[in-house]
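Student: Hi! I have a model open on my screen and would like to talk through how its parts fit together. Can we go step by step?

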Amino acid sequence: MTKVYYVRHAESNYENHDDRMRELTEKGLRDRKKVTEFLRDKEIAVAVSSPFKRAIDTIKDFTESVGAEAEIIEDFRERKVDSAWIEDFNAFCRRQWSDFSFKLSDGECLKEVQERNIKALQKLIEKHNGKNIVLGGHGTALCTILNFYDSSFGYSDFVKMKAKMPYIVEFVFDEDLRCSEIIRHEV
């Protein structure tokens with residue numbers, strides 16, 4: 001059995017429009033201690049993260065506490081919305097969830113995000129079969145993974161999760177690397 005604890009990042013500073021370098025807020029820095037407490041007894045053998053600062057920093061308190069360093073995996077990055085800041089982000093999200101192939105001129109559609117993240121996740125669990133893994137990541141990427149394993153997961157579920165930062169979803173994979181259980185943890 002392989003377990004992946006997917007940690008959606010803690011609260012970040014949305015005034016910083018540089019998606020890769022967006023830092024955690026003071027609240028986010030405090031809340032990552034909750035992630036550390038949650039993971040402390042989970043026998044984590046492997047730590048990986050999106051390359052985005054907020055994802056790395058959310059699991060950093062935990063990795064430092066166990067003397068580990070997260071491997072950065074580019075394919076776990078959040079979706080690229082566009083090159084410009086989107087003012088009506090809620091309308092954009094609704095449209096993407098109603099049409100998984102919808103994207104702006106310089107962005108990714110949810111289908112692309114889902115395929116990229118599932119491929120990276122499958123590669124990760126094949127490489128570390130039988131181990132417990134912590135993965136620092138993002139809300140939309142996580143939601144597309146949830147949708148892949150549970151097609152009933154949709155826009156209304158995405159909306160419910162938007163304010164949950166940090167948020168942990170435990171994916172349990174059987175010996176054949178099939179997802180056998182999904183457990184949501186609010187920290």
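Tutor: Happy to. One term before we start: contact here means heavy atoms within 4.5 Å. Also keep in mind that this is a predicted model.

Student: Got it. Let's try that on Val 134, then. Which residues is Val 134 in contact with, leaving aside its neighbours within four places in sequence?

Tutor: Val 134 is in contact with Tyr 5, Val 7, Leu 39, Ile 44, Val 46, Ala 47, Val 48, Ile 59 and Phe 62. Val 134 itself has its place in strand β4, residues 132-137.

Student: And is Val 134 buried or exposed?

Tutor: Val 134 counts as buried, because its relative accessibility is 0%. You can also look at Ala 45: the two residues are 89 apart along the chain, and their C-alpha atoms are separated by 8.2 Å.

Student: Nice. What about Ile 168, what does that one touch?

Tutor: Not counting residues up to four places away in sequence, Ile 168 touches Tyr 5, Tyr 6, Val 7, Val 35, Phe 38, Ile 183, Arg 184, His 185 and Val 187. Ile 168 lies in strand β5 and is buried, with a relative accessible area of 0%.

Student: Where is Lys 33 found, and how accessible is Lys 33?

Tutor: Lys 33 is in helix α1. Lys 33 counts as partly exposed, at 47% relative accessibility. Its C-alpha atom and that of Gly 136 are separated by 14 Å, with the two positions 103 residues apart in chain numbering.

Student: Switching to helices. How do α4 and α5 pack?

Tutor: Helix α4 covers residues 110-127 and helix α5 residues 139-149; they pack at an angle of about 80 degrees, with their axes 9 Å apart. The two are therefore roughly perpendicular to each other.

Student: Which residues make the contact?

Tutor: From α4, the contact uses Leu 110, Val 113, Gln 114, Asn 117, Ile 118 and Leu 121, and from α5 it uses Thr 140, Ala 141, Thr 144, Ile 145, Asn 147, Phe 148 and Tyr 149. Sorted by class, the contact of α4 with α5 has eight nonpolar, five polar and no charged residues.

Student: How many residues of α5 are buried?

Tutor: Nine of its eleven residues are buried, so α5 is largely enclosed by the rest of the structure. The buried ones are Gly 139, Thr 140, Ala 141, Leu 142, Cys 143, Thr 144, Ile 145, Leu 146 and Asn 147.

Student: And what do the buried residues of α5 pack against?

Tutor: They pack against β1 (2-8), α3 (89-98), α4, α6, β5 (167-173) and β6 (179-186).

Student: Pockets next! What volume does the largest pocket have?

Tutor: The largest pocket has a volume of about 770 Å³. It is lined by 30 residues, and the closest to its centre are Tyr 14, Asp 19, Arg 22, Val 81 and Phe 89. Helices α5 and α6 (155-161) each supply at least two residues of that lining.

Student: What classes of residue are in the lining of the largest pocket?

Tutor: That lining has eleven nonpolar, six polar and 13 charged residues.

Student: And the second largest pocket: what lines it?

Tutor: Glu 71, Ile 73, Asp 75, Lys 119, Ala 120, Lys 123, Leu 124, Lys 127 and His 128 line the second largest pocket, which has a volume of about 190 Å³. Helix α4 gives the most to this lining, with five residues. By class, three of the lining residues are nonpolar, one is polar and five are charged.

Student: Last topic, backbone oddities. Which residues does a cis peptide bond join?

Tutor: Met 165 and Pro 166 are joined by a cis peptide bond, with omega about -5 degrees. Pro 166 sits in the loop between α6 and β5. For background, most residues other than glycine have a negative phi, and most peptide bonds are trans.

Student: Which phi values should I check, then?

Tutor: Try Glu 43, which has a positive phi of about 55 degrees although it is not a glycine. Glu 43 lies in the loop between α1 (26-39) and β2 (44-49) and is exposed, with a relative accessible area of 68%. Then look at Leu 177, also not a glycine, with a positive phi of about 65 degrees. Leu 177 lies in the loop between β5 and β6 and counts as partly exposed, at 26% relative accessibility.

Technical notes:
Residues numbered from 1 in each chain as written. Predicted model: local features only at pLDDT ≥ 70, side-chain atom pairs only at ≥ 80, totals over all residues. Heavy atoms only, no water. Axes fitted to C-alpha atoms, helices over the stretch in contact; angles between N-to-C directions. Helix = DSSP H or I, 4+ residues; strand = E, 2+ residues; numbered from the N terminus. Parallel < 35°, antiparallel > 145°, perpendicular 65-115°, else oblique. Nonpolar A, V, L, I, M, F, W, Y, C, P; charged D, E, K, R; others polar. 1 Å grid on protein atoms, 1.4 Å probe; cavity = no way out; pocket = protein on both sides within 12 Å on 5 of 7 lines; lining within 4 Å. Points joined across faces, edges and corners; volume = space filled by probe spheres on them. Buried < 20%, exposed > 50% of the residue type's maximum accessible area, 1.4 Å probe, protein only.
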